[in-house]
Amino acid sequence: MNTIVILGQHVEVPFATDTSRLGQLATRPRLDPHAVCQVILHHDACLSARACFDALHGRGLSTHFCIDNDGTVRQFEDPGARIAFHAVGHVRGSDPDRPQAQVAFNRASIGIDLSNAVDVKFAHRYDPPRDQATLPVQGRPYTGLLPYPCQVEAALELLQVLRMHFPALTNDHREELRWLGDLTPATPGIWAHGQVSRVKVDPFGFPFSRLDEV
Ligand SMILES: [Zn+2]
């Protein structure tokens, strides 16, 4: 039986999971799970979810879920009980002297990483090979490795489960991987790290229009 853990309870899910590394990363307590209204999507810039876990552990960072190359959803933290350290972003301010401010998007969000090194120099490390594409990111063409289709399907299934358990989590979303500066840590929806941060490019190649399905 495949399960993920939400607020300490095992929840049965219709996709492959692994909770063997649950609760080992740097986080802080989430005192108000009802406040969860966002997901921030990432790619991990690593070759596997195991390498992602090790990198986060080494840097004192965390994410709630990492979707491995075969589509297995590896859960690192309980999204109802722990705030993970996964997303620094920027918001546009009204003060002309400080036109944009750096803020954390962690307090009311769940972090989901798709494992993908993205840089084409890693193409030979993947079997089966990943497709490549050149897509606009932050307004410029960016060439990278795409997520495997099984990772996208797993992400959509995981998001459906999370929306059942976190009623304030909407599926508002955008199709362009670009920072506009109007999203805040309190804006409900499923956002890309590159949509809340002006310097991030993740998750590269995610088909955001499919978030209509969750
Ligand atoms: Zn990110």
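## A hairpin to start with

Let's begin at a turn: the hairpin of β12 and β13 has 2 residues between its strands, and Gln 138 there takes a positive phi near 50°. Strands here are DSSP runs of E with at least two residues, helices are runs of H or I with at least four, and both are numbered from the N terminus. β12 covers residues 132–137 and β13 covers residues 140–145; they pair in the antiparallel sense over 6 bridges. (To count as a pair, two strands need at least two bridges found by DSSP.) Across this hairpin, Ala 133 stands opposite Gly 144 in β13.

There's another hairpin, made by β1 and β2, with 2 residues between the strands, where Leu 7 takes a positive phi near 50°. Its strands run antiparallel, with 4 bridges joining β1 to β2 (residues 9–12). One bridge links Val 5 to His 10 in β2.

## What kind of model this is

This is a predicted model, so to speak of a local feature we need pLDDT of at least 70, side-chain atom pairs count only at pLDDT 80 or more, and totals for chains, interfaces and linings use all residues. Residues are numbered from 1 along each chain as its sequence is written.

## The whole chain

The chain has 3 helices and 14 strands. Its C-alpha trace spans about 55 × 45 × 35 Å along the principal axes. Why call it compact? A compact globule of 214 residues would have a radius of gyration near 17 Å, and the chain's 16 Å agrees with that. (The radius is taken over C-alpha atoms, and the globule rule is 2.2 Å times the number of residues to the power 0.38.)

Buried residues make up 40% of the 214 residues. Buried means that 20 or more other C-beta atoms lie within 10 Å of a residue's own; 12 or fewer makes it exposed, anything in between is partly exposed, and the C-beta atoms are placed from the backbone. Now take contacts between residues at least 6 apart in sequence: 64% of them join residues at least 24 apart. A contact means that two C-beta atoms, placed from the backbone, lie within 7 Å.

## The sheet and the helix across it

Strands of a sheet pair through backbone hydrogen bonds, either parallel or antiparallel. Here, 6 strands form an open sheet in the order β3-β7-β6-β11-β5-β14, with mixed pairing. The edge strands are β3 (17–18) and β14, each pairing on one side only. Inside the sheet, β6 and β7 pair in the antiparallel sense over 3 bridges, and Cys 66 stands opposite Arg 74 in β7.

Helix α2 lies across β5, β6, β7, β11 and β14, and runs at about 165° to β11. (Axes are lines fitted to C-alpha atoms, for helices over the stretch in contact, and angles run from 0 to 180 degrees between N-to-C directions.)

## Helix α1 and its two sides

In α1 (residues 49–59), the buried residues include Ala 49, Cys 52, Phe 53 and Leu 56. These four sit on the same side of α1, because they cover an arc of only 100° around the axis. (That arc is the one made by the directions from the helix axis to the C-beta atoms.) On the other side, Asp 54 and Gly 58 are exposed. The cover over the buried residues of α1 includes β6 (65–67), β7 (73–75) and β11 (109–114). Right after α1 comes Gly 60, with a positive phi near 70°.

Let's zoom in on Cys 52. Why does Cys 52 count as buried? It has 26 other C-beta atoms within 10 Å. Leaving out residues up to four places away in sequence, Cys 52 touches Asp 44, Cys 46, Cys 66, Asp 113 and Ser 115.

## The nonpolar core

In soluble globular proteins, nonpolar side chains tend to be buried together. The largest nonpolar core here has 44 residues, and Val 39 and Leu 158 touch the most other members. (A nonpolar core is a set of buried Ala, Val, Leu, Ile, Met, Phe, Trp, Tyr and Cys residues joined through C-beta atoms within 7 Å.) Which element gives the most to this core? That's α2, with 5 residues. Beyond residues up to four places away in sequence, Val 39 touches Ser 109, Ile 110, Ile 112, Leu 159, Leu 162, Leu 169 and Ile 190.

## A buried proline

Pro 203 is in the segment after α3 (193–196). Pro 203 counts as buried because it has 26 C-beta neighbours inside 10 Å. In space, Pro 203 and Leu 177 are 8.2 Å apart, C-alpha to C-alpha, although 26 residues apart in sequence.

Technical notes
Core = buried A, V, L, I, M, F, W, Y, C linked by C-beta atoms within 7 Å.
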